[in-house]
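Me: Got a model here that I'd like to go through with you. Can we take it piece by piece?

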Amino acid sequence: MRRINPPQIAGPFATYAHGVEFSGPVRWLFGAGQTGVDGDGTTPTDIVGQSELVWSNIRAVLADADMTIEDIVQLNMLLVDRADHDGAKTVRDTALGDHRPASTLMYISGLARPEWLIEIDYIAARELPG
Amino acid sequence: MRRINPPQIAGPFATYAHGVEFSGPVRWLFGAGQTGVDGDGTTPTDIVGQSELVWSNIRAVLADADMTIEDIVQLNMLLVDRADHDGAKTVRDTALGDHRPASTLMYISGLARPEWLIEIDYIAARELPG
Amino acid sequence: MRRINPPQIAGPFATYAHGVEFSGPVRWLFGAGQTGVDGDGTTPTDIVGQSELVWSNIRAVLADADMTIEDIVQLNMLLVDRADHDGAKTVRDTALGDHRPASTLMYISGLARPEWLIEIDYIAARELPG
């Protein structure tokens, strides 16, 4: 996989790449939007707590497909409140480490449950052994 | 295709899977967002009527590519009004039957036409005969 | 790649196809949402100026992957204000020319920076030479 960040474009402004290119036989994982719900169905009220659960849930789905965060090629981060940006960003940056998927951030009117502050959906691809 | 629902994650809370994994040579179908417009360009005013058209339109696109609902791997359901959730869910659940794509639900400010209450976009993949 | 526009579905209502189907070995490009920021990090205040930068940025990312606008298979156009539709559409129609990706238009509450009026994310696929 190759990150694409043409020098004539400003940014990236956060932990993403302007493009992610790859080819060849891959396994695909299409991920449902993950939210801040723990294994017992409980949702913390704060953005940091919810964001940590989003990412641990994503890691669990990826692990079940023998993938890791490094295999995410594109993600959408959905937030409801601009005030939650910094908390979501801090947790995201830690979760991504050096990885840089293509990504988009949207503020929307609401998520499936009124108490949810963040949701992240994603696509991952892992090269098949040749 | 394999549904991924790790036991340590709560849910799925609706008719979706936390992840959908597959590999191998596939045909792809990328679907434009479908809305509640019938073949004559008419849009019913209620969410159930619009949702039924969304799904029959999706089925028509899939059929043209020799695919079915079962080939959808990821979808986004966009709603404008939280009050429309139950109507949209009832129609969706019937349309999906036992199928469980990865999916995300968003409430947004509006769709291309002010009278549209729902839009669903999707990605489908069908294994090529080996 | 084959455009899918079943005769029993109304539309397409704009410069898109109801579906885009393809198979075979392809190179993939997953694109981060592009916004109206020029190479110096400056954002014009009007929708036409921002839209033109969105598309020139997309072209730059595609070019870096040896692709063009014609390789886009699906895109999401995110707008904040319904009043910006016509400006965004004019620029988009020129940028797409005869190309018709699957696409979805959403009005959302906001983008990452308050001054951004439009963002477009996309997926592109280019057949590998056989």
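**Symmetry and packing**

Reply: Sure. Chain A goes onto chain B by a rotation of 120 degrees with 0.0 Å of shift along its axis, RMSD 0.0 Å (least squares on the C-alpha atoms of residues with pLDDT of at least 70 in both). Bear in mind that this is a predicted model, where local features need pLDDT of at least 70 and side-chain atom pairs count only at pLDDT 80 or more, while totals for chains, interfaces and linings use all residues. Residues are numbered from 1 along each chain as its sequence is written, and chains are lettered from A and ligands numbered from 1 in the order in which they are written.

Me: What kind of axis has that relation?

Reply: Look at the turn between chains A and B: 120 degrees, with 0.0 Å of shift. That is the relation of a three-fold axis.

Me: In chain A, which residue has the C-alpha nearest the axis?

Reply: The distance from the axis is 3.0 Å. The residue is A:Ile108.

Me: How do α1(C) and α2(C) run, roughly parallel or roughly antiparallel?

Reply: Helix α1 (residues 47-64) and helix α2 (residues 85-96) of chain C have axes 8 Å apart, at about 30 degrees (lines fitted to C-alpha atoms over the stretch in contact, angles from 0 to 180 degrees between N-to-C directions). Angles under 35 degrees count as roughly parallel, and those over 145 as roughly antiparallel. So α1(C) and α2(C) are roughly parallel.

Terms used. Helix = DSSP H or I, 4+ residues; strand = E, 2+ residues; numbered from the N terminus. Parallel < 35°, antiparallel > 145°, perpendicular 65-115°, else oblique.
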